[in-house]
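User: I would like a close look at one part of this model, the metal and ligand site. Please keep it brisk.

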Amino acid sequence: MHQLLALQIKKHLSSDKGLTPELQGLLAEVDRHYQETEQVRRKLDLSLNFQKKELADAMLQASRDYALLRGVMDIIPDVLFFKSADGSYLGFNKVYEKVLNRPASQMLGKTDFDVLDETVAQDLHDLDQAVMNSGKDHVTERWFHQGDPQKQVCLEILHSPFCGPDGQVLGLIGYGRNITARKLAEETVRRQANFDSLTGLANRSNFTQRLNHEMRVAKRSGMAVALLLINLDRFKQVNDLLGHEAGDALLTQAAQRIASSVRETDAVARLGADEFAVVIPDIEQLAHIGNVAKKLVARLAESFVLGEESTQVTASIGVSLYPVDGNDPDGLLKSAEQAMYHAKATGRNRYCHFTPALQEVATRRRQLLRDLPQVIETGQLYVCYQPIASLATGEVHKAEALVRWRHPDHGNISPADFIPLAEDSGAIMAIGNFVFHEAARLTQQMRATGNPHFQVSVNMSPAQFRGKTDLIPQWMGLLDSLSLPGDAVAIEITEGLLMQVKDSTKLRLEEMRKFGIKISLDDFGTGYSSLSYLKMLDIDYLKVDQSFVRDLEIDPDDRTLCEAMIVMAHKLGLKVVAEGIETQAQLDLLVNAGCDFGQGYLFSKPLPAKDFTDYMLRMSGQARNDLGS
Ligand code: C2E
Ligand code: MG
Ligand code: MG
């Protein structure tokens, strides 16, 4: 290069004699500079090449580091993400992509506002900003469900700022742990502690807290609080006859009906098997409570569809009021319970308000329940027999066995009062056996003393059908030992039992019929029997309930109904027994209507065994006299 320059200088000076010493010096200087520059250039080249290599190495290293970082990020089971100071995503791992259910391409460089619901995004944005401004870590718990509520994930996220070498905050690192399982377990524990697992309603302890709270509020405000205790009538029957699954379905539906019949501010709970409660705060008018209770009774009496079957139960509701009927949750509940028992005792399918008189009833009930298990061994139980006369001949070849309890403190207690208690407590099995044994012995005696066709009717509770399966063979064994045929006995069942005709009921009835035992349908007309049951179950006798007989003389509707029942029963091949005949006029009307048998005070009240045998002797004597005259 410098030679080129010398040539040009020579040319420029148009001389070939050579250069002047100055020029030569200058050229030497230029040449030296050139050499130096060349050296620098070479050095620079060298350094550049070196730097290029370093850069390439560094880039290689960086990409290796990044791959390693990604590998680490993706291998950890927790969520990891980085955001810039403006909130846009710089990076994240696969777990985070999965949680948000978004591909990376839709998230990189985007903010939460592009990825999440607006409210969640705003919330996170505010939090991120606070963390970056304060420079302090923050831990938060958050539920994510991108589109599918079934796939909810709860993350415990550590939001941590990250800074450059100068300490300036550059962005934020998020590290989230999936705590869904723990949260769900906590929720389950909370629900189990506070809610009934079948119906989802509040449970007893949750309910007591709520009742306590409402009572405290009412104390300050001077308002009243009502407690409605709801008990399903004959739920046990549905459970036993249709199975537990059907029972559960019924309870769930009942819970829904109750909850949808009250205001959202009222508390609804399930306190026990078939027992529910409603707390109604801020009562201004008592009439409101009556209306709610009426509505609940009506809703629960509607039929329940349980899979293939449909069934009906009713409800008995007891109402108590704070502060008049109880000062604390326990007291208020007790009062409501007493009112509920009263509703049951007076016919079920109704509601009753608590009154102080019910307190006595409740105390008596408790005492009876306490004494029931010993009732047989203490000799307090005995059986009365009420004659059943043939209306065509006036002869008595049948009687109904009716159990009696002579209580040392309470005197004679009606079976209508204690049989339901015995059904609830299970004592009915022993009582039923006792009555059957007594009745069978009397029948043997009657048959042996001039009444060879004597037949006794024994009432049987649905609870006995649900009990031990070898009951019928046992009873047959007893009849056998007394040399009595099956038709020495008729079993009286109620329409309630037929309400749910299950195979097991049918089988038991068929088993009885196989042994010759007659079946009698008691209290006909008061329940829900359908005619098809009568046919299907081979009933022998239909007992028209005394409520139809009572007003026969004055109520033409009852007369029509009685006549219709008799005609219908005869068409189906059944004999009819009219219950509760008290007057000659009633008897005449029934005889005219073609009724087969009659039972009632007109013939005789139920009599203890000794009095009954005397009665029968008198009757046969009278018949002999009639024949003689
Ligand atoms: P039920 O089987 O319908 O019995 C007829 C009821 O009517 C009896 O009441 C009887 O005393 C009463 N009665 C009979 N004739 C007349 C009348 O002319 N006028 C009036 N007003 N009443 C009359 P009781 O003995 O109090 O029995 C009530 C219910 O208790 C029975 O009704 C029956 O369902 C049940 N029961 C009685 N004994 C037993 C038993 O041993 N086992 C079961 N499971 N239930 C029983
Ligand atoms: Mg009866
Ligand atoms: Mg009856």
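How far does a polar side-chain atom of Glu-400 lie from an oxygen atom of ligand 1? Please go on from there to the two magnesium ions and what surrounds them.

Analyst: The model is predicted. The distance you ask for is 2.9 Å, between a polar side-chain atom of Glu-400 and an oxygen atom of ligand 1. Two further side chains make polar contacts through nitrogen atoms of the ligand. An N or O atom in the side chain of Gln-386 is 2.9 Å from a nitrogen atom of ligand 1. For the side chain of Glu-582, the corresponding separation from a ligand nitrogen is 2.5 Å. Taken alone, ligand 1 exposes 790 Å², and the protein buries 83% of that area.

Now the shell. Ligand 1 is surrounded by 23 residues. The closest are Gln-386, Glu-400, Asp-522, Glu-582 and Tyr-601. By class, the shell holds nine nonpolar, seven polar and seven charged residues. Three elements each supply at least two shell residues: β14, α13 (415-425) and β18. Strand β14 gives the most, with four residues.

Next, the magnesium ion written as ligand 2. Its protein donors are Glu-400 (OE), Asn-459 (OD1), Glu-492 (OE) and Asp-522 (OD). They lie 2.0 to 2.2 Å from the ion. Along the chain these donors follow the spacing E-x58-N-x32-E-x29-D. Glu-400 sits in strand β14 (residues 396-407) and Asp-522 in strand β18 (residues 518-524), so this pair ties together parts that are 122 residues apart in sequence. Both Glu-400 and Asp-522 are buried. Glu-400 therefore appears twice in this picture: as a donor to the magnesium ion (ligand 2), and with a side-chain atom 2.9 Å from an oxygen atom of ligand 1.

The second magnesium ion is ligand 3. The two ions, ligand 2 and ligand 3, are 4.0 Å apart, and Asp-522 coordinates both. The protein donors of ligand 3 are Asp-522 (OD), Asp-523 (OD) and Glu-579, the last listed with two OE entries. Their distances from the ion run from 2.0 to 2.7 Å. The spacing along the chain is D-D-x55-E. Asp-523 lies in strand β18, while Glu-579 is in the loop between β20 (575-578) and α22 (584-592), so the pair ties together parts that are 56 residues apart in sequence.

Burial varies among these donors. Glu-579 has a relative accessible area of 7%, under the 20% cut-off, so Glu-579 is buried. Asp-523 has 26% relative accessibility, so Asp-523 counts as partly exposed.

Helix α13 deserves a short note, since α13 is among the elements that supply at least two residues to the ligand 1 shell. Ser-425 lies in this helix. At 42% relative accessibility, Ser-425 counts as partly exposed. The C-alpha atoms of Ser-425 and Leu-372 are separated by 8.6 Å, although the residues are 53 apart along the chain.

Last, the cysteines. A disulfide is a covalent bond between the sulfur atoms of two cysteines. With a cut-off of 2.5 Å between sulfur atoms, the count here is zero. Take Cys-595. The closest cysteine sulfur is that of Cys-562, at 7.8 Å, which is too far for a bond. Cys-595 is buried, at 6% relative accessibility. Cys-352 is buried as well, at 13%.

Methods:
Residues are numbered from 1 along each chain as its sequence is written. Chains are lettered from A and ligands numbered from 1 in the order in which they are written. This is a predicted model: local features need pLDDT of at least 70, side-chain atom pairs count only at pLDDT 80 or more; totals for chains, interfaces and linings use all residues. Side-chain values use heavy atoms; hydrogens and water are left out. Donors are N, O and S atoms within 2.8 Å of the metal (3.2 Å for Na, K and Ca); water is not among the atoms, so sites may look incomplete. Buried means under 20% relative accessible area, exposed over 50%, partly exposed in between (1.4 Å probe, protein chains only). A residue is near a molecule or strand if one of its heavy atoms lies within 4 Å of it. A polar contact is a pair of N or O atoms within 3.5 Å; within protein, one must be able to donate a hydrogen and the other to accept it, and residues adjacent in sequence count only if both atoms are side-chain atoms. Accessible areas come from the Shrake-Rupley method with a 1.4 Å probe; for residues, only the protein chains shown count as cover. Ala, Val, Leu, Ile, Met, Phe, Trp, Tyr, Cys and Pro count as nonpolar, Asp, Glu, Lys and Arg as charged, and the others, Gly among them, as polar.
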